[in-house]
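Visitor: I would like a quick tour of this model. Can we go through it question by question?

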Amino acid sequence: MSGERLVLTTDARGRIDSYAATTAERKLDIRFDPALPLTGEAPDGSSRFEIRLSGLGKIIDGTVSVRHAPGATILDWQPETPAWTRSIGFRSTLTATSDGQRIAKVQPK
């Protein structure tokens, strides 16, 4: 999409504090508490997440756990609020290509 801006904010240890995608019309903001450890050297862990959308505020929150497997980082997302989202968990699998690009595959859990 033309004009889209992506911002990834990390802490001093390289863990992700937030991810924001902004267009002329909207901003999607995902925040993690504590910061999410995504690098392969980081231990497995979990964080709370909150997704906000401009004009609507917080639209969903829950927990995300991260584990590192050979060649992949796996995130299991479990929404908690609103209540109707609790049955809609999903998994993101991050892998790297030989030229260093990151590929994300998202699927239901």
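The turns below cover salt bridges and one glycine in a predicted model.

Visitor: How many salt bridges does the count come to?
Guide: This is a predicted model. The rule asks for a side-chain nitrogen of Lys or Arg within 4 Å of a carboxyl oxygen of Asp or Glu. By that rule, the count comes to 7.

Visitor: How far apart are the closest N and O atoms of D29 and R31?
Guide: D29 and R31 form a salt bridge. The cut-off for such a pair is 4 Å. Their closest N and O atoms are separated by 2.5 Å.

Visitor: Is D29 buried or exposed?
Guide: Buried means under 20% relative accessible area. D29 has 7%, so it falls under that limit. Its partner R31 is partly exposed at 46%. D29 itself is buried.

Visitor: Which residue does the side chain of R48 meet in a salt bridge at 3.0 Å?
Guide: R48 is partly exposed, at 36% relative accessibility. The partner is partly exposed too: E80 has 28%. The N to O distance of 3.0 Å belongs to R48 and E80.

Visitor: How many residues apart in sequence are the parts that this pair ties together?
Guide: R48 sits in strand 4, residues 45-53. E80 sits in strand 6, residues 72-81. The salt bridge therefore ties together parts whose separation in sequence is 32 residues.

Visitor: Which residue of the K58 and D61 salt bridge is buried?
Guide: The two side chains meet at 3.0 Å, N to O. K58 has a relative accessible area of 40%, so it is partly exposed. The value of 9% is under the 20% limit for buried. That value belongs to D61.

Visitor: Which residues are linked in a network of salt bridges?
Guide: R48 pairs with E80. K58 pairs with D61. The network links R48, K58, D61 and E80.

Visitor: Where does G57 lie, and is it buried or partly exposed?
Guide: G57 lies in strand 5, which covers residues 57-69. Its relative accessible area is 22%. Buried would need a value under 20%, so G57 counts as partly exposed.

Visitor: Which residues are in contact with G57, leaving aside its neighbours within four places in sequence?
Guide: Contact needs heavy atoms within 4.5 Å. With those neighbours set aside, the contacts of G57 are I51 and R52.

Visitor: What separates the C-alpha atoms of G57 and L36?
Guide: Along the chain, G57 and L36 are 21 residues apart. In space, their C-alpha atoms are separated by 21 Å.

Key:
Residues numbered from 1 in each chain as written. Predicted model: local features only at pLDDT ≥ 70, side-chain atom pairs only at ≥ 80, totals over all residues. Heavy atoms only, no water. Helix = DSSP H or I, 4+ residues; strand = E, 2+ residues; numbered from the N terminus. Buried < 20%, exposed > 50% of the residue type's maximum accessible area, 1.4 Å probe, protein only.
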